[in-house]
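Please open the model in your viewer and keep the selection tool at hand. The stops below say what to select next and what is to be found there.

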Amino acid sequence: MIHRVLGIETSCDETAAAVVQTTGDPLRPWAVVSNVVSSQTEIHREWGGIVPEIASRQHVADICGVVEAALAEASIDLAGIDAIAVTEGPGLVGSLLVGVSFAKALAAARGLPIVGVHHLAGHIESLTLEHGELPLPAVVLVVSGGHTNLYLVPARGDYQLVGQTRDDAAGEAYDKVARLLGLGYPGGPVMDRLAAEGRDDAVPLPMTRFTRPDRNEASADIQHGGFPDDVKRMAEFSFSGLKTASVRYLEQHGAVHIPDFCASFQRVVVTTLVDRLFAVAERLGARSVGIAGGVSANRRLRADALVRGQREGLPVFVPPVSLSTDNAAMIAAAGLRRLDRRGPSALDFNASANLSISR
Ligand code: KG4
Ligand code: ZN
C-alpha cells in the first residue's frame, strides 16, 4: 500500500523535493507533508535567462540537500517513503538527468518503486492537490515560462492536449518584453505589479489573430487527442507577434509610460488566455476550468478568469503560488495518480526533453 511519495523535480531551474501522502478521502486524495524548492533564479538573472549548463551543474550541487530538507521538514527518514516520483520530461535534458539519475539510484538502493512523471501532468495535478478532485470533464490551461498548453481532462489521470502556443510561451513573452523595458528577469511578476498602476487601454497593442487561410491549419507537430479542427484552432496561441509589436512600439515612442505599457501588454495576454480557455471549455462541455503554471500567479489572469467563471457558471481553480511555480509536490501528486492507474515505471525509463503526455 503506497502512502507516502517522495517527489523530485529538476526539469528547469528549480531543484525541488517534496513528500505527499494519501489521505483516504476520495474527494481530497492527497496532502502535502513537505515542499522544498531551491530556486536558481538569482544565478540566472545575471545572464537574463536560463543557461542550461549552469542549471544542470547547480542541480548536481543542490539535489542531496534539497531531498534531505524535504525529509526533515516531513519529520521522516527514507524508511517512511513508499515510492519515488520524478519528472522525466519535458524540460532541459541535462537538468532532467540529474533528478532522474538521483531518483533511480535511490529507488534501486532502497528497493522502492519509482514512477516517471510528465512535468505538465504535475502542473495539472497541482489543482487537485490544492482543491481536491475537479468536476470532470475539466479544461486546464498550463501557462508558464516554457508552456502555454490547453488540456482536456475527461477522466482522472487522462490528459489530452487540445492545443498549445505556436511560438513563445506567455511567460516567455512577459520575460522578453520586460527585458526590452529594462525590468530584469524574470519579468512577469514585475510587469504584473507595474500593470496595477497603469491604464490598460493606453497602448494599442494587437490581439493575436490567425487570419491568413494557410495559417489557420492547426500545427501538425502537436499530438492532439483527435479534436475537431475548430477546437484545435480555438486552443492555439501565439505571442511572438505581440512581442514584435512591442519592439516596434518602443522603437517608435522612445519614452513610454512603463506602467501603462505593462497594463496594456497584460490586457492583451490575459484576454487572449481567458477567451480561449473559456471558448474551449464551453465547446467541450467542461464542468470546471483550471489554470496552473508560473503565470497563473498573475493577478489579472486570476481575477478575470474568476469573473468569467462566475458569469458562465463554471467553477475556476487556480493553485496557490507555492504550487503554481515549479515544485515537487505536484510531481509526487501526479506520481500517485500514475501509480494508481498504471503502477510503477520500469527502471529503464529515461530523461526526455520532448516527452509527450500520455494517459
Ligand atoms: O512555472 P514557472 O515557475 O517556470 C517554468 O517556466 O516552468 O514559470 C515562470 C514564468 C516566468 O516566465 C515568469 O515571468 C512568469 O512565470 N510569471 C508571471 C508572474 N509570475 C511568474 N507572469 C506574469 N505574471 C506574474 N505574476
Ligand atoms: Zn513548470
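Helices (H or I, at least four residues) and strands (E, at least two) are DSSP runs, numbered from the N terminus. This is a predicted model, in which local features need pLDDT of at least 70 and side-chain atom pairs count only at pLDDT 80 or more, while totals for chains, interfaces and linings use all residues. Residues are numbered from 1 along each chain as its sequence is written, chains are lettered from A and ligands numbered from 1 in the order in which they are written, and side-chain values use heavy atoms, with hydrogens and water left out.

**Backbone stops**

Begin with P90, which sits in the loop between β4 (83–89) and α3 (93–110), and look at the bond that joins G89 to P90, a cis peptide bond with omega of about -10°. Then select S75, placed in the loop between α2 (52–73) and β4, where phi is positive at about 55° although the residue is not a glycine. S75 counts as exposed, with 67% relative accessibility (buried means under 20% relative accessible area, exposed over 50%, and partly exposed in between, with a 1.4 Å probe and protein chains only). Both stops are worth a look because most residues other than glycine have a negative phi, and most peptide bonds are trans.

**P137 and S288**

Move next to P137, in the loop between α4 (119–131) and β6 (138–143), where a cis peptide bond with omega of about 0° joins L136 and P137. From there go to S288 in strand β9 (residues 288–292), whose contacts beyond its neighbours within four places in sequence include P137, L134 and F317 (contact means heavy atoms within 4.5 Å). S288 is buried, at 0% relative accessibility, and its side chain reaches the backbone oxygen of P135 at 2.7 Å.

**Helix crossings**

Now show helix α5 (residues 170–180) together with helix α6 (residues 187–195): their axes come within 8 Å and cross at roughly 75°. Axes are lines fitted to C-alpha atoms, for helices over the stretch in contact, and angles run from 0 to 180 degrees between N-to-C directions. The crossing makes α5 roughly perpendicular to α6 (angles under 35 degrees count as roughly parallel, over 145 as roughly antiparallel, 65 to 115 as roughly perpendicular and the rest as oblique). To see the contact itself, select Y174, D175, V177 and A178 of α5 with G187, G188 and M191 of α6.

Keep α6 on display and add α9, since the axes of α6 and α9 come within 7 Å and cross at roughly 110°, and these helices are therefore roughly perpendicular to each other. Here M191, D192, L194 and A195 of α6 meet I258, P259, C262, A263, F265 and Q266 of α9.

**Aromatic pairs**

How many aromatic pairs does the structure hold? There are three, where rings of Phe, Tyr and Trp (its six-membered ring) pair if their centres lie within 6.5 Å, and planes under 30 degrees apart count as stacked, over 60 as edge-to-face and the rest as tilted. One of them is F237 with F239, a stacked pair because the ring centres are 6.4 Å apart and the planes at 10°; F237 is buried at 0% relative accessible area, and F239 is buried at 1%.

Another is Y249 with F261, which is tilted, at 5.9 Å centre to centre and 40° between the planes. Y249 lies in helix α8 (residues 240–252) and F261 in helix α9 (residues 258–283), so this pair ties together parts that are 12 residues apart in sequence. Y249 is buried with a relative accessible area of 17%, and F261 is buried with 0%.

Note on methods. Polar contact = N/O pair within 3.5 Å; in protein donor to acceptor, adjacent residues only side chain to side chain.
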